[in-house]
Amino acid sequence: MDTEELKASVIGEIESRREQLNQLSLKIHDNPETAFQEVRAAAWLTEYLKENGFSVEQGICGLPTAFRARYGEGKPAIALLAEYDALPKLGHACGHNLIATSAAGAGVAARLAADSFGGSILVMGTPGEEMYGGKVFMVKRGAFDDVDAAMMVHPAGLNTATTKFLACQTLEVEFFGKAAHAAARPEAGINALEAMMQSFAAINSLRQHIKDSARIHGIITDGGEAANIVPAHTAGTFIVRAEDDGYLDELKKKVINCFVGAATASGARLEYKWGEARYATLRNNFTLAKLFRKNLQSLGRRVHLSNPRIGIGSSDIGNVSQVVPSIHPLVAIVPPKVANHSSQFADAAASEAGTRGLLDAAKALALTVVDLLAGPETFARVKEEFRRGSE
Ligand SMILES: [Zn+2]
Ligand SMILES: [Zn+2]
(Lines give C-alpha, C1' and ligand atoms only; values in the text may rest on other atoms or scores of the structure.)
(Ligands and ions follow the chains in the order given, each with its own letter.)
Protein backbone atom coordinates (compact mmCIF):
# COMPACT_ATOMS: atom_id res chain seq x y z
CA MET A 1 0.00 0.00 0.00
CA ASP A 2 1.45 3.39 -0.86
CA THR A 3 1.32 6.36 1.49
CA GLU A 4 -1.73 8.00 -0.13
CA GLU A 5 -3.76 4.77 0.02
CA LEU A 6 -2.74 4.31 3.61
CA LYS A 7 -3.80 7.85 4.45
CA ALA A 8 -7.21 7.19 2.92
CA SER A 9 -7.54 4.02 5.05
CA VAL A 10 -6.54 5.94 8.19
CA ILE A 11 -9.26 8.52 7.53
CA GLY A 12 -11.78 5.72 6.86
CA GLU A 13 -10.79 4.02 10.12
CA ILE A 14 -11.53 7.19 12.13
CA GLU A 15 -14.76 7.86 10.23
CA SER A 16 -15.97 4.33 11.02
CA ARG A 17 -15.33 5.04 14.72
CA ARG A 18 -17.08 8.41 14.74
CA GLU A 19 -19.85 7.26 17.07
CA GLN A 20 -17.56 5.32 19.45
CA LEU A 21 -15.16 8.25 19.80
CA ASN A 22 -17.95 10.75 20.26
CA GLN A 23 -19.58 8.60 22.96
CA LEU A 24 -16.26 8.27 24.78
CA SER A 25 -15.73 12.02 24.58
CA LEU A 26 -19.22 12.81 25.89
CA LYS A 27 -18.88 10.30 28.73
CA ILE A 28 -15.67 12.02 29.90
CA HIS A 29 -17.34 15.43 29.42
CA ASP A 30 -20.37 14.38 31.49
CA ASN A 31 -18.19 13.07 34.33
CA PRO A 32 -15.60 15.80 34.87
CA GLU A 33 -12.71 14.90 37.16
CA THR A 34 -10.14 17.50 38.24
CA ALA A 35 -6.35 17.18 38.14
CA PHE A 36 -4.98 13.85 39.42
CA GLN A 37 -8.52 12.61 40.21
CA GLU A 38 -9.19 11.40 36.64
CA VAL A 39 -9.81 7.78 37.66
CA ARG A 40 -12.79 7.08 35.43
CA ALA A 41 -11.48 8.92 32.38
CA ALA A 42 -8.18 7.01 32.59
CA ALA A 43 -10.10 3.72 32.99
CA TRP A 44 -12.40 4.37 30.00
CA LEU A 45 -9.53 5.43 27.74
CA THR A 46 -7.29 2.49 28.62
CA GLU A 47 -10.21 0.07 28.23
CA TYR A 48 -10.82 1.42 24.72
CA LEU A 49 -7.14 1.14 23.83
CA LYS A 50 -6.88 -2.41 25.23
CA GLU A 51 -9.91 -3.50 23.21
CA ASN A 52 -8.07 -2.22 20.16
CA GLY A 53 -4.86 -4.16 20.65
CA PHE A 54 -2.77 -1.79 22.77
CA SER A 55 -0.86 -3.08 25.79
CA VAL A 56 -1.46 -0.76 28.71
CA GLU A 57 0.59 0.16 31.76
CA GLN A 58 -1.47 2.07 34.27
CA GLY A 59 -0.29 4.39 37.04
CA ILE A 60 3.15 5.00 35.50
CA CYS A 61 5.72 7.41 36.98
CA GLY A 62 4.07 7.21 40.39
CA LEU A 63 0.95 8.98 39.09
CA PRO A 64 -2.14 6.78 39.60
CA THR A 65 -4.08 8.32 36.68
CA ALA A 66 -1.20 8.37 34.17
CA PHE A 67 -0.85 5.58 31.62
CA ARG A 68 1.12 4.39 28.63
CA ALA A 69 -0.62 2.36 25.92
CA ARG A 70 1.65 0.80 23.30
CA TYR A 71 1.04 -0.74 19.91
CA GLY A 72 4.02 -2.28 18.12
CA GLU A 73 7.53 -2.78 19.43
CA GLY A 74 10.00 -1.11 17.15
CA LYS A 75 11.49 2.33 16.66
CA PRO A 76 10.65 5.04 16.04
CA ALA A 77 8.15 5.45 18.87
CA ILE A 78 5.62 8.23 18.39
CA ALA A 79 3.64 9.47 21.39
CA LEU A 80 0.15 10.90 21.15
CA LEU A 81 -0.62 12.75 24.35
CA ALA A 82 -4.00 12.54 26.03
CA GLU A 83 -5.09 15.09 28.65
CA TYR A 84 -8.36 14.43 30.47
CA ASP A 85 -8.53 16.63 33.56
CA ALA A 86 -11.39 19.09 34.05
CA LEU A 87 -11.56 22.40 35.90
CA PRO A 88 -13.05 22.89 39.37
CA LYS A 89 -16.73 23.91 39.04
CA LEU A 90 -16.46 24.64 35.28
CA GLY A 91 -16.11 20.99 34.18
CA HIS A 92 -14.56 20.40 30.75
CA ALA A 93 -14.18 24.11 30.00
CA CYS A 94 -10.77 23.45 28.42
CA GLY A 95 -12.12 20.61 26.25
CA HIS A 96 -9.67 17.97 27.47
CA ASN A 97 -12.31 15.32 26.72
CA LEU A 98 -11.64 16.14 23.04
CA ILE A 99 -7.86 15.98 23.51
CA ALA A 100 -8.11 12.55 25.13
CA THR A 101 -10.40 11.01 22.54
CA SER A 102 -8.57 12.51 19.57
CA ALA A 103 -5.33 10.98 20.88
CA ALA A 104 -7.02 7.60 21.41
CA GLY A 105 -8.73 7.69 18.00
CA ALA A 106 -5.51 8.74 16.27
CA GLY A 107 -3.60 5.98 18.05
CA VAL A 108 -6.04 3.29 16.96
CA ALA A 109 -6.05 4.51 13.33
CA ALA A 110 -2.25 4.92 13.28
CA ARG A 111 -1.91 1.16 13.94
CA LEU A 112 -2.26 0.79 10.16
CA ALA A 113 0.90 2.83 9.67
CA ALA A 114 2.84 0.81 12.26
CA ASP A 115 1.65 -2.44 10.59
CA SER A 116 2.85 -1.25 7.19
CA PHE A 117 6.08 0.54 8.04
CA GLY A 118 7.11 -0.65 11.54
CA GLY A 119 7.61 1.57 14.56
CA SER A 120 5.39 1.88 17.60
CA ILE A 121 2.48 4.05 18.58
CA LEU A 122 2.19 5.23 22.17
CA VAL A 123 -0.91 6.84 23.57
CA MET A 124 0.30 8.50 26.77
CA GLY A 125 -2.22 9.44 29.43
CA THR A 126 -0.90 12.66 30.95
CA PRO A 127 -3.04 13.74 33.92
CA GLY A 128 -3.30 16.96 35.89
CA GLU A 129 -2.37 19.49 33.18
CA GLU A 130 -4.50 22.24 34.67
CA MET A 131 -3.04 22.22 38.16
CA TYR A 132 -0.11 19.96 38.92
CA GLY A 133 1.73 19.37 35.64
CA GLY A 134 1.61 15.59 35.26
CA LYS A 135 3.90 15.79 32.24
CA VAL A 136 6.58 17.57 34.29
CA PHE A 137 6.82 14.52 36.56
CA MET A 138 6.52 12.10 33.63
CA VAL A 139 9.46 13.80 31.87
CA LYS A 140 11.53 13.79 35.09
CA ARG A 141 10.72 10.14 35.73
CA GLY A 142 11.73 8.93 32.29
CA ALA A 143 8.38 8.40 30.52
CA PHE A 144 9.72 10.05 27.35
CA ASP A 145 13.21 8.48 27.37
CA ASP A 146 12.43 6.10 24.49
CA VAL A 147 10.03 8.45 22.65
CA ASP A 148 11.05 9.99 19.31
CA ALA A 149 8.29 12.58 18.84
CA ALA A 150 5.24 13.76 20.79
CA MET A 151 2.02 15.33 19.52
CA MET A 152 -1.36 16.41 20.83
CA VAL A 153 -4.10 18.76 19.65
CA HIS A 154 -5.91 21.25 21.88
CA PRO A 155 -9.37 22.67 21.05
CA ALA A 156 -9.48 26.46 20.72
CA GLY A 157 -10.93 29.41 18.80
CA LEU A 158 -8.73 28.98 15.71
CA ASN A 159 -6.73 26.44 13.72
CA THR A 160 -2.98 26.78 14.12
CA ALA A 161 -0.07 24.35 13.88
CA THR A 162 2.10 25.97 16.53
CA THR A 163 1.40 27.91 19.69
CA LYS A 164 3.31 29.74 22.36
CA PHE A 165 3.46 28.87 26.05
CA LEU A 166 4.97 30.78 28.93
CA ALA A 167 7.19 29.21 31.57
CA CYS A 168 5.35 29.28 34.88
CA GLN A 169 5.37 28.25 38.49
CA THR A 170 2.71 28.23 41.19
CA LEU A 171 3.26 29.86 44.58
CA GLU A 172 1.43 29.08 47.82
CA VAL A 173 1.56 31.90 50.36
CA GLU A 174 0.41 32.12 53.99
CA PHE A 175 0.50 34.95 56.50
CA PHE A 176 0.28 34.27 60.24
CA GLY A 177 -0.94 37.17 62.42
CA LYS A 178 -2.70 37.33 65.77
CA ALA A 179 -6.44 37.19 66.46
CA ALA A 180 -8.12 39.81 68.65
CA HIS A 181 -11.51 41.53 68.96
CA ALA A 182 -11.57 43.78 65.88
CA ALA A 183 -13.37 46.63 67.73
CA ALA A 184 -12.59 46.21 71.44
CA ARG A 185 -8.87 45.30 71.19
CA PRO A 186 -7.61 45.99 67.64
CA GLU A 187 -4.21 47.04 69.03
CA ALA A 188 -3.70 43.50 70.33
CA GLY A 189 -4.11 41.95 66.89
CA ILE A 190 -1.80 41.39 63.92
CA ASN A 191 -3.85 41.50 60.74
CA ALA A 192 -2.90 38.74 58.31
CA LEU A 193 -5.54 39.89 55.80
CA GLU A 194 -3.95 43.36 55.55
CA ALA A 195 -0.65 41.62 54.79
CA MET A 196 -2.31 39.70 51.96
CA MET A 197 -4.03 42.82 50.58
CA GLN A 198 -0.79 44.80 50.69
CA SER A 199 0.87 41.99 48.76
CA PHE A 200 -1.73 42.32 46.01
CA ALA A 201 -1.19 46.10 45.97
CA ALA A 202 2.59 45.66 45.76
CA ILE A 203 2.23 43.13 42.92
CA ASN A 204 -0.08 45.53 41.09
CA SER A 205 2.56 48.26 41.41
CA LEU A 206 5.23 45.87 40.17
CA ARG A 207 3.09 44.90 37.18
CA GLN A 208 3.63 48.23 35.38
CA HIS A 209 7.39 47.57 35.30
CA ILE A 210 7.52 44.02 34.03
CA LYS A 211 7.82 42.68 30.47
CA ASP A 212 4.57 42.74 28.46
CA SER A 213 4.23 39.00 28.09
CA ALA A 214 4.81 38.20 31.78
CA ARG A 215 1.83 37.45 34.00
CA ILE A 216 1.23 37.43 37.77
CA HIS A 217 -2.19 36.47 39.08
CA GLY A 218 -3.63 35.00 42.24
CA ILE A 219 -6.58 34.29 44.50
CA ILE A 220 -7.14 34.43 48.27
CA THR A 221 -8.09 30.99 49.58
CA ASP A 222 -8.39 31.99 53.24
CA GLY A 223 -9.34 35.57 54.07
CA GLY A 224 -10.19 35.28 57.77
CA GLU A 225 -13.00 33.88 59.92
CA ALA A 226 -15.38 36.70 60.84
CA ALA A 227 -15.58 40.45 60.45
CA ASN A 228 -15.25 41.00 64.21
CA ILE A 229 -12.02 39.00 64.54
CA VAL A 230 -8.67 40.38 63.40
CA PRO A 231 -7.67 37.73 60.84
CA ALA A 232 -4.92 35.57 62.31
CA HIS A 233 -4.32 33.58 59.13
CA THR A 234 -4.64 34.15 55.38
CA ALA A 235 -3.61 32.05 52.43
CA GLY A 236 -3.40 32.56 48.69
CA THR A 237 -2.33 30.81 45.52
CA PHE A 238 -0.47 32.71 42.80
CA ILE A 239 0.99 31.89 39.39
CA VAL A 240 4.00 33.69 37.94
CA ARG A 241 4.63 33.35 34.19
CA ALA A 242 7.32 34.60 31.84
CA GLU A 243 8.45 34.13 28.27
CA ASP A 244 11.79 32.60 29.20
CA ASP A 245 13.32 30.72 32.10
CA GLY A 246 15.77 33.46 33.04
CA TYR A 247 13.08 36.12 33.30
CA LEU A 248 10.87 33.77 35.30
CA ASP A 249 13.65 33.46 37.88
CA GLU A 250 14.05 37.25 38.01
CA LEU A 251 10.31 37.80 38.36
CA LYS A 252 9.94 35.18 41.08
CA LYS A 253 12.40 37.12 43.26
CA LYS A 254 10.52 40.40 42.68
CA VAL A 255 7.18 38.78 43.54
CA ILE A 256 8.55 37.32 46.78
CA ASN A 257 9.80 40.78 47.72
CA CYS A 258 6.20 42.03 47.51
CA PHE A 259 5.16 39.49 50.14
CA VAL A 260 8.23 40.13 52.32
CA GLY A 261 7.49 43.87 52.26
CA ALA A 262 3.87 43.26 53.28
CA ALA A 263 4.98 40.98 56.10
CA THR A 264 7.37 43.63 57.41
CA ALA A 265 4.73 46.35 57.22
CA SER A 266 2.01 44.34 58.96
CA GLY A 267 4.08 42.34 61.42
CA ALA A 268 2.53 39.10 60.13
CA ARG A 269 4.83 36.13 59.57
CA LEU A 270 5.20 34.98 55.96
CA GLU A 271 5.52 31.39 54.78
CA TYR A 272 5.66 30.45 51.12
CA LYS A 273 6.31 27.46 48.94
CA TRP A 274 6.91 27.26 45.20
CA GLY A 275 5.02 24.46 43.42
CA GLU A 276 7.02 21.36 42.65
CA ALA A 277 6.22 21.43 38.92
CA ARG A 278 7.74 24.24 36.94
CA TYR A 279 6.23 24.43 33.44
CA ALA A 280 8.77 25.10 30.69
CA THR A 281 8.18 27.18 27.57
CA LEU A 282 7.07 25.32 24.43
CA ARG A 283 9.72 24.56 21.82
CA ASN A 284 7.69 24.08 18.64
CA ASN A 285 9.17 21.66 16.12
CA PHE A 286 8.35 23.50 12.89
CA THR A 287 9.15 20.56 10.60
CA LEU A 288 6.58 18.49 12.46
CA ALA A 289 4.16 21.43 12.65
CA LYS A 290 4.27 21.91 8.87
CA LEU A 291 3.47 18.23 8.26
CA PHE A 292 0.55 18.49 10.66
CA ARG A 293 -0.65 21.72 9.08
CA LYS A 294 -0.73 20.16 5.61
CA ASN A 295 -2.70 17.20 6.93
CA LEU A 296 -5.23 19.34 8.79
CA GLN A 297 -5.61 21.54 5.70
CA SER A 298 -6.27 18.46 3.57
CA LEU A 299 -9.41 17.98 5.71
CA GLY A 300 -10.73 21.36 4.58
CA ARG A 301 -9.63 23.67 7.39
CA ARG A 302 -7.60 26.86 6.94
CA VAL A 303 -4.68 26.51 9.30
CA HIS A 304 -2.16 29.15 10.43
CA LEU A 305 1.41 28.04 10.93
CA SER A 306 1.47 30.42 13.88
CA ASN A 307 -0.85 33.18 14.94
CA PRO A 308 0.28 36.08 17.13
CA ARG A 309 -3.32 36.74 18.24
CA ILE A 310 -3.56 33.59 20.36
CA GLY A 311 -3.75 34.28 24.07
CA ILE A 312 -0.72 32.78 25.75
CA GLY A 313 -1.07 30.49 28.74
CA SER A 314 1.21 27.71 29.85
CA SER A 315 1.17 23.95 29.48
CA ASP A 316 3.22 21.08 30.79
CA ILE A 317 3.85 19.94 27.20
CA GLY A 318 6.53 22.65 27.37
CA ASN A 319 8.60 20.23 29.46
CA VAL A 320 8.00 17.40 26.95
CA SER A 321 9.12 19.68 24.11
CA GLN A 322 12.47 20.24 25.86
CA VAL A 323 13.31 16.51 25.61
CA VAL A 324 11.64 15.30 22.36
CA PRO A 325 10.46 17.00 19.14
CA SER A 326 6.89 18.09 19.94
CA ILE A 327 3.88 19.97 18.62
CA HIS A 328 0.75 21.31 20.33
CA PRO A 329 -1.49 22.56 17.50
CA LEU A 330 -4.93 24.05 18.06
CA VAL A 331 -8.16 23.05 16.34
CA ALA A 332 -11.09 25.47 16.23
CA ILE A 333 -14.34 24.43 17.95
CA VAL A 334 -15.54 27.95 18.88
CA PRO A 335 -15.32 31.45 17.32
CA PRO A 336 -12.11 33.34 18.27
CA LYS A 337 -13.91 35.53 20.83
CA VAL A 338 -14.90 32.57 23.04
CA ALA A 339 -12.22 31.93 25.66
CA ASN A 340 -11.10 28.60 27.09
CA HIS A 341 -12.01 28.20 30.79
CA SER A 342 -15.51 29.63 30.24
CA SER A 343 -18.91 27.96 30.42
CA GLN A 344 -19.42 28.56 26.67
CA PHE A 345 -16.25 26.62 25.99
CA ALA A 346 -17.47 23.77 28.21
CA ASP A 347 -20.69 23.63 26.15
CA ALA A 348 -18.71 23.66 22.90
CA ALA A 349 -16.64 20.69 24.08
CA ALA A 350 -19.84 18.62 23.94
CA SER A 351 -21.27 20.17 20.75
CA GLU A 352 -21.34 19.26 17.05
CA ALA A 353 -18.40 21.61 16.49
CA GLY A 354 -16.58 19.80 19.28
CA THR A 355 -17.14 16.46 17.55
CA ARG A 356 -15.86 17.88 14.24
CA GLY A 357 -12.78 19.19 16.06
CA LEU A 358 -12.22 15.82 17.71
CA LEU A 359 -12.44 13.91 14.42
CA ASP A 360 -10.29 16.34 12.43
CA ALA A 361 -7.68 16.40 15.21
CA ALA A 362 -7.61 12.58 15.33
CA LYS A 363 -7.29 12.37 11.54
CA ALA A 364 -4.57 15.01 11.25
CA LEU A 365 -2.58 13.39 14.08
CA ALA A 366 -2.88 9.91 12.52
CA LEU A 367 -1.96 11.26 9.05
CA THR A 368 1.12 12.90 10.53
CA VAL A 369 2.11 9.57 12.10
CA VAL A 370 1.82 8.06 8.59
CA ASP A 371 4.19 10.76 7.25
CA LEU A 372 6.71 10.05 10.00
CA LEU A 373 6.67 6.26 9.76
CA ALA A 374 6.51 6.14 5.94
CA GLY A 375 9.35 8.63 5.46
CA PRO A 376 12.48 8.04 7.53
CA GLU A 377 14.10 11.01 5.76
CA THR A 378 11.21 13.24 6.93
CA PHE A 379 11.66 12.01 10.48
CA ALA A 380 15.39 12.70 10.20
CA ARG A 381 14.57 16.35 9.40
CA VAL A 382 12.34 16.57 12.48
CA LYS A 383 15.15 15.24 14.64
CA GLU A 384 17.74 17.45 12.97
CA GLU A 385 15.68 20.56 13.77
CA PHE A 386 15.41 19.41 17.39
CA ARG A 387 19.18 18.82 17.64
CA ARG A 388 19.98 22.19 16.09
CA GLY A 389 17.69 23.93 18.56
CA SER A 390 19.43 22.40 21.55
CA GLU A 391 22.98 23.31 20.51
ZN1 LIG B 1 -6.93 24.85 30.43
ZN1 LIG C 1 -6.29 22.84 28.24
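**Notebook: sheet and cores**

I looked up the sheet and found four strands forming an open one, antiparallel in pairing, in the order 8-9-7-10. The model is predicted, so local features need pLDDT of at least 70 and side-chain atom pairs pLDDT 80 or more, while totals for chains, interfaces and linings use all residues. Residues are numbered from 1 along each chain as its sequence is written, and side-chain values use heavy atoms, leaving out hydrogens and water.

Strands are DSSP runs of E, at least two residues; helices are runs of H or I, at least four. Two strands pair if DSSP finds at least two bridges between them.

I checked the edges next. Strand 8 (215–222) and strand 10 (269–274) each have a single partner strand, so one side of each lacks a neighbour in the sheet. Strand 7 (residues 167–176) is joined to strand 10 by six bridges. Glu174 has Glu271 of strand 10 as its bridge partner.

I then looked at helix packing, with contact meaning heavy atoms within 4.5 Å. Helix 6 (residues 192–207) packs on the sheet and touches strand 7, strand 8 and strand 9 (233–242). Helix 7 (residues 245–266) also packs there, touching strand 7, strand 8, strand 9 and strand 10.

Last, I looked up the largest nonpolar core (buried Ala, Val, Leu, Ile, Met, Phe, Trp, Tyr and Cys joined through side-chain atoms within 4.5 Å). Buried means under 20% relative accessible area, with a 1.4 Å probe and protein chains only. Among its 56 residues, Ile121 and Met151 touch the most other members. Helix 11 (residues 352–374) gives the largest share, eleven residues. Another core, of 27 residues, lies apart and includes Ile60 and Phe165.

Technical notes: Chains lettered and ligands numbered in written order. Buried < 20%, exposed > 50% of the residue type's maximum accessible area, 1.4 Å probe, protein only. Axes fitted to C-alpha atoms, helices over the stretch in contact; angles between N-to-C directions.
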